[in-house]
Amino acid sequence: NDDNRVAIAAAGGAEVLVSLARDGNERQKERAAGALWNLSANDDNEAAIVAAGGIEVLVSLARDGNEGQKEEAAGALWN
């Protein structure tokens, strides 16, 4: 729900998830990209993801990740 999305981002979740999407293992990258997709449904969270460097990380996963990472990253970028 949107309240949870806002709370996660307010607690620094966007930064943590971007870091995990960049530096985690394969499964962690996929899950982090999926969580960023979920967070990106909120306009304020989109700004937090951008500020945390998320666009570059998500583009990299969409281009070079495994199939699951590509799908989740593309969804986050689509939002």
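## Exercises on helix packing

Leu58 makes contact with Ala33, Leu36, Ile49, Ala73, Ala76 and Leu77, leaving aside residues up to four places away in sequence. Keep in mind as you work that this is a predicted model.

**Exercise 1.** Find which residues of helix H5 are buried, and work out how they are arranged around its axis.

*Solution.* Start with the span of H5, residues 54–64, where Gly54, Val57, Leu58 and Leu61 are buried. Next, look down the axis: these buried residues fall within an arc of 95°, so they line one face of H5. The general rule helps here: an α-helix has 3.6 residues a turn, so residues three or four places apart point the same way. Now turn to the other side of H5, where you will find Glu56, Arg63 and Asp64 exposed. Finally, ask what covers the buried residues: the cover includes helices H2 (13–23), H3 (26–39), H4 (43–51) and H6 (67–78).

**Exercise 2.** Place Leu58 in the largest nonpolar core.

*Solution.* That core has 14 residues, and Leu58 is among those with the most contacts inside it, together with Leu17, Ala21, Leu36, Ile49 and Leu61. Then trace the core to its elements: H2, H3, H5 and H6 each give two or more residues.

**Exercise 3.** Describe how H3 and H6 pack.

*Solution.* Take the geometry to begin with: the angle is about 20° and the axes lie 8 Å apart. Angles under 35 degrees count as roughly parallel, so H3 is roughly parallel to H6. Add the handedness: their crossing is left-handed. Last, check the contacts, where H3 residues including Ala33, Leu36 and Trp37 meet a set in H6 that includes Ala73, Ala76 and Trp78.

Note on methods: Residues numbered from 1 in each chain as written. Predicted model: local features only at pLDDT ≥ 70, side-chain atom pairs only at ≥ 80, totals over all residues. Heavy atoms only, no water. Buried < 20%, exposed > 50% of the residue type's maximum accessible area, 1.4 Å probe, protein only. Helix = DSSP H or I, 4+ residues; strand = E, 2+ residues; numbered from the N terminus. Arc of directions from axis to C-beta. Contact = heavy atoms within 4.5 Å. Core = buried A, V, L, I, M, F, W, Y, C linked by side-chain atoms within 4.5 Å. Axes fitted to C-alpha atoms, helices over the stretch in contact; angles between N-to-C directions. Parallel < 35°, antiparallel > 145°, perpendicular 65-115°, else oblique. Left-handed = near helix turned anticlockwise from the far one by under 90°.
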